[in-house]
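Colleague: I am new to reading models of this kind, and I would like to learn how each label is earned. Could you take me through the reasoning step by step?

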Amino acid sequence: MENPEVTVSSCSAHDDENLCSYKRHSSVSQEGLLEDQLRRKLKFFFMNPCEKFWARGRKPWKLGIQLLKIVMVTVQLVVFGLSNQMVVAFKEENTIAFKHLFLKGYMDRMDDTYAVYTQTDVYDQIFFAINQYLQLPNISVGNHAYEKRGEEETPLAVCQQFYKRGIICPGNDTFDIDPEIVTDCLYIEPTTSLDNATMGKHNLNFTLDFPRLVAVQLMFNLKAINLQTVRHHELPDCYDFTLRIVFDNKAHSGRIKISLDNDIAIRECKDWHVSGSIQKNTHYMMIFDAFVILTCLASLILCTRSVIKGIWLQREFVSFFLYYYKKEVSFSDQMEFVNGWYILIIVSDVLTIVGSTLKMEIQAKSLTSYDVCSILLGISTMLVWLGVIRYLGFFQKYNVRISWDLHIVASHPNTASSITQCNEVLLLCCYDLPGLLFLWMDCTGTIPCQVSHSEHGF
């Protein structure tokens, strides 16, 4: 009896690991076995969750985690949004209050038209703001206070900016000017006693040279505590307000525009104590956030593992074709093994984990990065909801439905209206959410499973 033909191949150090494996097992029978094994791997890899469940009884864990994550991150974003709404409202209401306190005769929605036209009105506005600042503890209905640096309260600064030299004679059509800007400041301590009188030109050595005047700025700092969050079982934040009242005379047109700018910084309070159940509610929310982090971490691990498995199978497939068929697999075919939905979910999980960590720090009053946390949680929630479309694509009738809906969104008559299109996509996701539960019932065998074979699966 003749011995079976055995082909011995050597592997160089530069050969791929999978290619070396094929060279060692290059008999005809082994070639057919390897091809059959690779075909089975490819078939299972490109199955969707329902097919994998019916083929090997493999539970669609990633699908279940995504369903749970959609609910959790949406609830988390809504809760944080309600909390952040109080922060935004507190900022806006304080800015409006400061305009009514420090701008004489101010009325709502007159920011663009608020101006003075006479020298007397300029002085009146300046000294009105100074007097209101000195009397603030007695007139403000809010819990505003002066900023302290050590034991001393920070003063109010009255700074005027003017040209270094300026002799202007419009009647003779002549002028002599040095455009260099000079700044002269006067500081007024909050402890200055008015003795039941008002501050005026007779109290301060303060005059304005209007022909050379460019601008006048009143700058001062105030502090406040947002106590309304206590009613919503949240710890309050401390706020620093850096206020600047600007009298703009750059145009020298006879109209000096007045504006109030409020730069707001949120800080953790140094020493606080709240009685009652607020601490328990804070702890419950932090436990919920921790559970969100664990869920996203599990999703991140599973999706990363799937991506790595896809890359390994891609390399094996490329090596098989190169050795047995002497052909190179095109780049587009290789990218079929890299599921973009996995990448989308991984990015969403990373953003959710970072955003949830920031949210826990904010609730513990260790950080006050409300804006950064809002951006992270908002983007991550948007990506999670976009992933809903991927799961509904497993179901053939939903796949047709989504293709039609997305076609409608893409063909919106005003393509520049991105906000409208985003709203339509969000409504699409919300409207089709029951399909996810239907898909879950399909994959667990509750009802017969009829799926589209055109999508890659989990």
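Modeller: Let us begin with a cut-off: a residue is called exposed when its relative accessible area is over 50%, buried when that area is under 20%, and partly exposed in between. Please keep in mind that this is a predicted model.

Colleague: Is Leu294 buried or exposed, and how do you know?

Modeller: Leu294 has a relative accessible area of 54%, and because exposed means over 50%, Leu294 is called exposed. Leu294 has its place in helix α7, and together with Leu68, Phe291, Leu297 and Ile301 it forms a nonpolar patch on the surface, with about 470 Å² of accessible area together.

Colleague: Which helix gives the most to the nonpolar patch?

Modeller: That is helix α7 (residues 278-324), which contributes four residues.

Colleague: How do you know that the span of helix α5 agrees with what is expected?

Modeller: Helix α5 covers residues 119-134, which makes 16 residues, and at 1.5 Å a residue these should span 22 Å; the C-alpha atoms at its ends lie 23 Å apart, so the two values agree. Several residues of α5 are buried, among them Val122, Phe127, Ile130 and Leu134.

Colleague: What makes Arg165 and Asp176 a salt bridge?

Modeller: The rule asks for a side-chain nitrogen of Lys or Arg within 4 Å of a carboxyl oxygen of Asp or Glu. In this pair the closest N and O atoms are 3.3 Å apart, and the contact therefore counts as a salt bridge. The pair links distant parts of the chain, since Arg165 is in strand β5 (residues 156-169) and Asp176 is in strand β6 (residues 174-188), eleven residues apart. With relative accessible areas of 40% for Arg165 and 37% for Asp176, both values lie between the two cut-offs, so each residue is called partly exposed.

Colleague: How many salt bridges does this rule give?

Modeller: The count comes to ten. One of them joins Asp209 and Arg212, whose closest N and O atoms are 2.8 Å apart.

Colleague: Why is Arg212 called buried, while Asp209 is called partly exposed?

Modeller: Arg212 has a relative accessibility of 19%, which is under 20%, so Arg212 counts as buried. Asp209, at 32%, falls between the cut-offs and therefore counts as partly exposed.

Colleague: What makes Arg267 and Asp240 a salt bridge?

Modeller: Their closest N and O atoms are 2.4 Å apart, which is within 4 Å, so the rule is met. This pair also links distant parts of the chain, with Arg267 in strand β9 (residues 256-267) and Asp240 in strand β8 (residues 238-248), 27 residues apart. Asp240 is buried, because its relative accessible area of 10% is under 20%, whereas Arg267, at 46%, counts as partly exposed. Lys223, Asp240 and Arg267 are linked in a network of salt bridges.

Colleague: How do you know that strands β7 and β8 are paired?

Modeller: Strands pair if at least two bridges are found between them, and eleven bridges join β7 to β8, so these strands are paired, and they run antiparallel. Within β8, Phe241 is the bridge partner of Leu222.

Colleague: What makes strand β7 (residues 213-225) mostly covered?

Modeller: Ten of its 13 residues are buried. Strand β7 is also joined to β5 by six bridges in the antiparallel sense, with Gln161 standing opposite Ala215 in β7.

Technical notes
Residues are numbered from 1 along each chain as its sequence is written. This is a predicted model: local features need pLDDT of at least 70, side-chain atom pairs count only at pLDDT 80 or more; totals for chains, interfaces and linings use all residues. Side-chain values use heavy atoms; hydrogens and water are left out. The expected span of a helix is 1.5 Å times one less than its number of residues. Buried means under 20% relative accessible area, exposed over 50%, partly exposed in between (1.4 Å probe, protein chains only). Patches are made of residues with over 30% relative accessible area and no salt bridge: like charges are joined within 9 Å, nonpolar side chains (Val, Leu, Ile, Met, Phe, Trp, Tyr) within 5 Å. Accessible areas come from the Shrake-Rupley method with a 1.4 Å probe; for residues, only the protein chains shown count as cover.
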